[in-house]
Structures are given as C-alpha cells and as structure tokens.
Amino acid sequence: MKVNLLVNPFERLAGWPALILGLALMAFTAVAGWAADLYFDGVIDMHYKLHSLPDAFIAQAADWAVMLLCLWVAASIFSKTKFRLLDLAAAAALSRVPLLIAAGIFATPFVRTSDMGIEIFGMAAFVLCVWMAVVLYNGYSVSCNISGGKAIVSLIGTLLVAEVLSKLLFAFVLTGFFPVKSAQADLFAIPQEQTIQQTASIAMKSFERGDYNTLSRYLTPQMKQGFDQVKMRMMWSQFNMSMGEFMGADTEVQPTVENGCRTLDVTCRFSRGEVTLQFTFDSGGYIARLFII
C-alpha cells in the first residue's frame, strides 16, 4: 500500500490538499536544488549550474506551469469526460517529488567528487524521471478518466512537447533574472604572456584531476553554460573506461586560425589508445569550443 502511494498518491489525495502538498514539496525541491547547484531547467531535465534561490523557484514554477498547460491541452483533446484543472495542477506538482530526491543525491560528496558518483547519479536520475512519469500518468489518468494505450501515447507526446517548450522558455526567456556571478571568475584574467598551448595544458591537467573550478576560469561564459562539471567528469570517465589510464597530452602543437579563432588539436594518450580533443580559443585566449575528433 505504501509503495502504491508513492506512484499513485491520487488514491488518497485530490483537489486542493494534493495541490498544496505538491507546491510545498516543489518549494523544498527548489531550495534543495539551489543548495546542491542542481538546476531544473526543463520539465524532465536537470543540470549542474550555479544559480540563485529566486531562480530556483522561478525554474520550478516555469516547469510546473508548462507541464500543466500541456496536460490541459492533452486532456481537452483526449478526455471524453469533464475534468478539473485543479486536479491536473495537483498531478503536475506531485509528479515533481522525485526531483527532490535527485537534489539530495546530487548534494552528496561521493557524487560531487568522483567519476563513479557521477555515473551512479546519471542512472539514479533516469530512474527518478521514470518514477516522475509514472506519477504523472496516474494523475492524468485518474483526473481525465483516460486509461490504456490512449493515455500512455498521449502522455508521452505531452511530455515531449512540454520538455521542448520548457527548454525554449529557459533558452530565450528565463536566462537568469537573478544571476549568480563568481567573484573569482570576474577577477581572473589570463596573463598576456600565457600561450594557448599553456592554457590547453592547464585544461588537460584539470580534466585529469576533475578540477572544474580551475578549468572554468579558462572557459567563455557560453562554454560554461554548455560544459558543466557533470559533463566534464562524465566525458573523462568514459575515456578512462574505454581507453584506460591517462598517460599525457601533446599540447605543444601549432594552431590553425580561422575567422579570428585559433584551434589546437591535442592528442591525448591513454594506456589503451588515443583520442584527439580540439580546443578552439577566442581572441582573448579563452576556450570557446571543445570537440572530440
């Protein structure tokens, strides 16, 4: 019975009590995500990112509102009976409870400081998103009296549309009303005498140590948004698993120049193979792009 309540709380809760509980747990999730630097920038999406507490609440509200809107459209199309917007709002809110657990897991030192921890978090996040979808399905099904294949297919489509809309919303509108700036990043300037080869060498040492704080000093703001600590560790962990121990990198290579940007193709040697990382630097010497070639 208790397990059933975890996936279908709507057997016991409905209407305002369900919505109030869901919104309260969303508030806890916002605080937990802010404390853990886990930003929920999509209906079923989360990334490592420094962000302010107001932005954490805005993200939760935006994800919930987009999901509710999409659920209402789907229910209007597929439900043959009357339904209450209140019940859909409660379903959208309560379905986000697994994300509170995700924030708790991500806050643990094991996840934050080890490659294995990042991999385990990735698997846990997948399971929690599935749990979230199951809770949402049950709320949608009960609220709109839809079941079976019609409910499953329409909900999958609704989730996909909601995810796309939420990502567009975060990309073009919610870019950070209360941005968090790193004082260290603001004050840091690459020495004029430092070459891009030396910067690439520092980056490779940062990869090896899992030191994102040092690496981030040399990334452009756009690069930081797309390449966070989690992605860095996952990339390096995949290299280690497939090619073994890191042996060194050839950073003293000649750059190619195109459109004012300089590019270095750095060969990275591992115990069981090699891989080439392509660093592209902007005019200030900051890493603007990174590709595996």
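**Exercise 1. Decide whether Ser 52 is buried, partly exposed or exposed, and find its backbone partner.**

Step 1: Ser 52 has a relative accessible area of 10%, and buried means under 20%, exposed over 50% and partly exposed in between, with a 1.4 Å probe and protein chains only. Ser 52 is therefore buried.

Step 2: A polar atom of the Ser 52 side chain lies 3.2 Å from the backbone nitrogen of Asp 55.

A note on the model: it is predicted, so local features need pLDDT of at least 70 and side-chain atom pairs 80 or more, while totals for chains, interfaces and linings use all residues. Residues are numbered from 1 along each chain as its sequence is written, and side-chain values use heavy atoms, leaving out hydrogens and water.

**Exercise 2. Describe the surroundings of Asp 41.**

Step 1: Asp 41 counts as buried, at 13% relative accessibility.

Step 2: Apart from neighbours within four places in sequence, Asp 41 is in contact (heavy atoms within 4.5 Å) with Met 46, His 47, Asp 63, Lys 167 and Phe 170.

Step 3: With His 47, the Asp 41 side chain makes a side-chain polar contact at 3.0 Å; this term covers N or O atoms within 3.5 Å, one able to donate a hydrogen and the other to accept it, and residues adjacent in sequence count only if both atoms are side-chain atoms.

**Exercise 3. Sort the residues of the contact of α3 with α4 by kind.**

Step 1: From α3 come Trp 64, Met 67, Leu 68, Leu 71, Trp 72 and Ala 75; α4 gives Leu 85, Leu 88, Ala 89, Ala 92 and Ala 93.

Step 2: The split is eleven nonpolar, no polar and no charged. Nonpolar covers Ala, Val, Leu, Ile, Met, Phe, Trp, Tyr, Cys and Pro; charged covers Asp, Glu, Lys and Arg; the others, Gly among them, are polar.

Terms used. Helices (H or I, at least four residues) and strands (E, at least two) are DSSP runs, numbered from the N terminus.
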